[in-house]
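Student: I am new to this structure and should be grateful for a close look at one part of it, namely its open and enclosed spaces. Please set beside them the helix packing and the backbone details that belong to the picture.

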Amino acid sequence: MSRAASRVAGMGTTIFAEMSALATRTGSVNLGQGFPDVDGPPEVIAAAVAALEGGANQYAPGTGVPALRHAIAAHQQRHYGIALDPDSEVLVTTGCTEAIAAAVLGLVDPGDEVVVLEPYYDSYPAMIDFAGGVRRPVTLHAPDFRLDPDELRAAITPRTRVVLLNSPHNPTGRVLTDEELGAVADVAIEHDLVVVTDEVYEHLTFDGRRHVPLATLPGMSERTLTLSSAGKSYSFTGWKVGWATGPADLVTATMAAKQWLSYTSGAPLQPAVAVALDEHPDFPAELARTLQAGRDRLVAGLDRAGLAAYVPEGTYFATTDVRGLGWTSGLDFCLALPERAGVVAVPSRSFYDTAAGDTLVRWAFCKRPEVLDEAVRRLTAADLSA
């Protein structure tokens, strides 16, 4: 008999941990878990060292150190024209994953319905389950992964409380258009819903596309809790410094849950992230250009290997459909791939409630060119057919 609580008994480990462990065990090139292999600005690392040596090693304020809260508010103003009170409308979290957890736990009661775009980041269903909520997926269908306003509207019921939105979108790489965001805003206003927006890839968009925060649309600033992180924008994923911003009541509700998760987040890393936001505002754009080159490199290589990719508009990830190689299961393909080619990817089925993702596979391109080239060399040399 399992001693685990029922809320976690069937969850197991995340697909990212499983596939990364598989990569380590088999010596494969890991294009599964989305972390870069080059760090962010050295000046920001130096700022963290200075904070460590300067005594910033005890508990930070629960809401975050003032310097970082002010830097986050300045970031939102500088990039999007969003005015925030850093004392009441900004909360520092232990990465965006904790921000998601705290937002859901702070805003969703048992039985409340939460609308999510499918495929979804895998922490979304876990936290909705933890809160006792009910997940209502709206599928972004391949190959375009467009948001259908009619399907969104059909997902709303009298029990809907929150829409959990992700753009730029992991795992598809879609950047929602003004029209798609407008459809979300119309539904939220009509039904008096709160929208929690996961915008961790906000600066990592390609081909001239721009990210538009939902909070900037008319009528949305008062009902939108915006989540983001320095991990993706500055290539410090291991630092786990994120934030939630928005109306004071939504931030307060999120803090009410966050205080019982971690209470406070890494004290010496917070002033360093403030340095990143205040003194290196151009780094994310430079990173996006590097990632776009990596995207093009990997997508071309996947095509040569018989894995035609949907070209992403942002994020770290490209998606392929393995049906063209005769596979009926992306999971089976990914489990066979290390032995066949010495490469690891992630089956997209883990991000779906429905069967729409059964044959889709996600590949990370946030790697050095030589790593991508080695992965492509292995893929093109292997027999990948079912």
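Tutor: The account below goes from the pockets to the helices and loops around them, and then to the enclosed cavities. The model is a predicted one.

The largest pocket has a volume of about 930 Å³. Its lining consists of 42 residues, and those nearest its centre are Thr-14, Phe-16, Tyr-121, Asp-122 and Ser-123. Which helices each supply at least two residues of this lining? They are α2 (15–26), α5 (95–107), α6 (123–131) and α9. Of the elements that contribute, α6 gives the most, with six residues. Sorted by class, the lining of the largest pocket holds 19 nonpolar, 14 polar and nine charged residues.

Two of these helices lead to further details. The loop between β3 (113–118) and α6 contains Pro-119. The peptide bond that joins Glu-118 to Pro-119 is cis, with omega about 5°.

The helix α5, which also supplies at least two residues of the largest pocket's lining, packs against another helix. Two packed helices are described by the angle between their axes and the distance between the axes. For α5 and helix α10 (residues 248–258), the axes come within 7 Å and cross at roughly 105°. Angles of 65 to 115 degrees count as roughly perpendicular, and α5 and α10 are therefore roughly perpendicular to each other. On the α5 side, the contact is made by Glu-98, Ala-99, Ala-102, Ala-103, Leu-105, Gly-106 and Leu-107. On the α10 side, Leu-250, Ala-253, Thr-254, Ala-257 and Lys-258 take part. The contact of α5 with α10 has eight nonpolar, two polar and two charged residues.

The second largest pocket has a volume of about 310 Å³. Its lining is made up of 19 residues, with Val-38, Leu-287, Thr-290, Leu-291 and Lys-367 nearest its centre. Both α12 (283–304) and α14 (369–381) supply at least two residues of this lining. The largest share, eight residues, comes from α12. The classes in the lining of the second largest pocket are ten nonpolar, three polar and six charged residues.

The enclosed spaces come next. How many cavities of 30 Å³ or more does a search of the whole structure find? The search finds two.

The largest cavity holds about 40 Å³ of space. The residues that line it are Leu-165, Asn-166, Ser-167, Leu-181, Thr-197, Glu-199, His-211, Val-212, Pro-213 and Leu-214. Five of the lining residues are nonpolar, four are polar and one is charged.

The second largest cavity likewise holds about 40 Å³. Among the residues of its lining are His-75, Glu-202, His-203, Trp-243, Leu-277 and Pro-284. Both β7 (224–229) and α9 (230–233) supply at least two residues of this lining. The residues Ser-228, Ser-229, Ala-230 and Ser-233 belong to the lining as well. The helix α9 also supplies at least two residues of the lining of the largest pocket, and this helix thus appears in the account of both spaces. By class, the lining of the second largest cavity divides into five nonpolar, five polar and one charged.

A second helix pair offers another packing arrangement. The axes of helix α3 (residues 42–53) and helix α11 (residues 269–279) come within 8 Å and cross at roughly 150°. Angles over 145 degrees count as roughly antiparallel, and the crossing angle therefore makes α3 roughly antiparallel to α11. The crossing of these two helices is right-handed. From α3, the contact involves Val-44, Ala-47, Ala-48 and Ala-51. From α11, the residues in contact are Leu-269, Pro-271, Ala-272, Val-275 and Ala-276. By class, this contact has nine nonpolar residues, with no polar and no charged ones.

Two further backbone details complete the account. The peptide bond from Ala-142 to Pro-143 is cis, with omega near 5°. Pro-143 is found in the loop between β4 (134–139) and α7 (149–155). Asp-192 has a phi near 55°, a positive value in a residue other than glycine. Asp-192 is placed in the loop between α8 (178–191) and β6 (194–198).

Note on methods
Residues numbered from 1 in each chain as written. Predicted model: local features only at pLDDT ≥ 70, side-chain atom pairs only at ≥ 80, totals over all residues. Heavy atoms only, no water. Axes fitted to C-alpha atoms, helices over the stretch in contact; angles between N-to-C directions. Helix = DSSP H or I, 4+ residues; strand = E, 2+ residues; numbered from the N terminus. Parallel < 35°, antiparallel > 145°, perpendicular 65-115°, else oblique. Left-handed = near helix turned anticlockwise from the far one by under 90°. Contact = heavy atoms within 4.5 Å. Nonpolar A, V, L, I, M, F, W, Y, C, P; charged D, E, K, R; others polar. 1 Å grid on protein atoms, 1.4 Å probe; cavity = no way out; pocket = protein on both sides within 12 Å on 5 of 7 lines; lining within 4 Å. Points joined across faces, edges and corners; volume = space filled by probe spheres on them.
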